[in-house]
Amino acid sequence: MCGIVGFTGAAQAAPILLDGLAKLEYRGYDSAGLAVQNAAGKIEVVKAKGRLKVLSEMTDGGSAVSGSCGIGHTRWATHGEPNDVNAHPHVSQSGDIALVHNGTIENYAVLKKVLSDHGYTFKSETDTEVLVQLIEYIKLTSSCSLLEAVREALLQVEGAYAIAVVEKGNPDTLIVARKSSPLVIGVGDGETFIASDATPIVGYTDKVIYLKDNELAQISR
């Protein structure tokens with residue numbers, strides 16, 4: 001099973017995300033990655049095939065990736081071989097939206113064809129990249145918020161998912177949702193955490209919310 005972590009608060013996100021991913025290693029994985037909003041408002045993505053140690057060394061334990069809001073992921077390959085490109089997080093064509101995903105989008109090929117017909121290109125073999133591109137397409141064509149774009153995209157998706165999304169220009173906000181794949185929110189003092197289960201959260205807070213199927217949340221500090 002894949003693992004998801006996320007954080008928004010006053011502290012640096014990357015070390016917290018790496019710590020959370022380490023606590024999810026028991027789920028199994030073949031690659032890992034982070035997406036963090038830096039001080040300039042840009043989403044910085046770092047990901048690599050192999051053990052979490054590789055990602056930690058690439059980021060100097062997270063200290064080389066600055067920013068206080070981000071998401072992380074450990075991937076067990078389903079669509080596409082285990083490599084750096086197919087590792088999560090995946091970003092939209094503009095680079096403004098990043099997403100991590102557990103589960104399987106069963107109708108991803110149909111959605112990918114529609115997006116390709118509208119000029120979208122794809123770097124990976126994953127169903128997850130299709131979802132983040134779909135969210136951006138809806139947001140741009142409907143001139144709606146990220147929350148509404150995620151909601152509309154998920155109405156078009158067939159399959160199971162737990163997702164976490166960050167957007168350039170929304171430095172303190174995460175959008176999360178789940179269907180048939182677990183996701184937990186941890187509520188701290190001026191900070192909020194998300195994870196696939198409570199294991200990465202318990203060291204930071206004992207206040208947790210378990211999302212139910214078909215629930216979506218907008219998370220801030």
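These are my notebook entries on a predicted model, covering its strands, its helices and a few single residues.

**Entry 1. Strand β10 and its partners**

I began with strand β10, residues 192-195. T192 and I194 point one way from the strand, while F193 and A195 point the other way. I recorded all of these residues as buried. The pattern agrees with a general rule: in a regular strand the side chains alternate between the two faces of the sheet.

I next looked up the strands that pair with β10. Strand β1, residues 3-8, runs antiparallel to β10 and is joined to it by four bridges. Within this pairing, F7 is the residue opposite F193. Strand β9, residues 184-187, is also antiparallel to β10, again over four bridges. Here G186 stands opposite F193. F193 therefore has F7 across from it in one pairing and G186 in the other, and it is buried because its relative accessible area is under 20%.

β9 and β10 form a hairpin with four residues between the strands. In this hairpin I noted a positive phi near 75° at G190.

**Entry 2. The open sheet**

Which order do the strands of the five-stranded open sheet follow? I read it as β5-β6-β7-β8-β12, with antiparallel pairing. The edge strands are β5 (90-91) and β12 (215-219), each of which pairs on one side only.

I then followed β7, residues 159-167, to its two partners. β6 and β7 pair in the antiparallel sense over nine bridges. Five bridges join β7 to β8, residues 174-179, and these two strands are antiparallel as well. Y161 is the bridge partner of G103, and Y161 also stands opposite K179 in β8. For A162, the residue opposite in β8 is R178.

β7 and β8 form a hairpin with six residues between them. G169, in the turn, has a positive phi of about 90°.

Is β7 enclosed or open to the outside? Eight of its nine residues are buried, so the strand is largely enclosed by the rest of the structure.

**Entry 3. Helices α4 and α5**

I examined how helix α4 (residues 127-142) packs against helix α5 (residues 146-155). Their axes lie 8 Å apart and make an angle of about 120°. This angle makes α4 oblique to α5. The crossing of α4 past α5 is right-handed.

Which residues make the contact? From α4 I listed L131, L134, I135, I138 and K139. They meet L146, A149, V150, E152, A153 and L154 of α5. By class, the contact has nine nonpolar residues, two charged and no polar ones.

I also looked for α5 against the open sheet. The helix packs on this sheet and touches β6 (97-105), β7, β8 and β12. The direction of α5 makes about 160° with that of β7.

**Entry 4. V130**

V130 is found in helix α4. I recorded this residue as buried, because its relative accessibility is 1%. Leaving aside neighbours within four places in sequence, V130 is in contact with Y108, L111, K112, L115 and F122. I also looked up the separation from S92, which is 38 residues away along the chain. The C-alpha atoms of V130 and S92 are 8.8 Å apart.

**Entry 5. Helix α1**

How many of the 10 residues of helix α1 (residues 13-22) are buried? I found seven, so the helix is largely enclosed by the rest of the structure. The buried residues are A13, A14, I16, L17, L18, G20 and L21.

**Entry 6. Positive phi outside glycine**

Most residues other than glycine have a negative phi. I therefore noted two exceptions, D60 and N214.

D60 has a positive phi of about 55° although it is not a glycine. This residue lies in the loop between α2 (52-58) and β4 (69-75). D60 counts as exposed because its relative accessibility is 57%.

N214 has a positive phi of about 70°, and it too is not a glycine. I placed N214 in the loop between β11 (208-210) and β12. With a relative accessible area of 59%, N214 is exposed.

Definitions and conventions
Residues numbered from 1 in each chain as written. Predicted model: local features only at pLDDT ≥ 70, side-chain atom pairs only at ≥ 80, totals over all residues. Heavy atoms only, no water. Buried < 20%, exposed > 50% of the residue type's maximum accessible area, 1.4 Å probe, protein only. Pairing = 2+ DSSP bridges. Axes fitted to C-alpha atoms, helices over the stretch in contact; angles between N-to-C directions. Parallel < 35°, antiparallel > 145°, perpendicular 65-115°, else oblique. Left-handed = near helix turned anticlockwise from the far one by under 90°. Contact = heavy atoms within 4.5 Å. Nonpolar A, V, L, I, M, F, W, Y, C, P; charged D, E, K, R; others polar.
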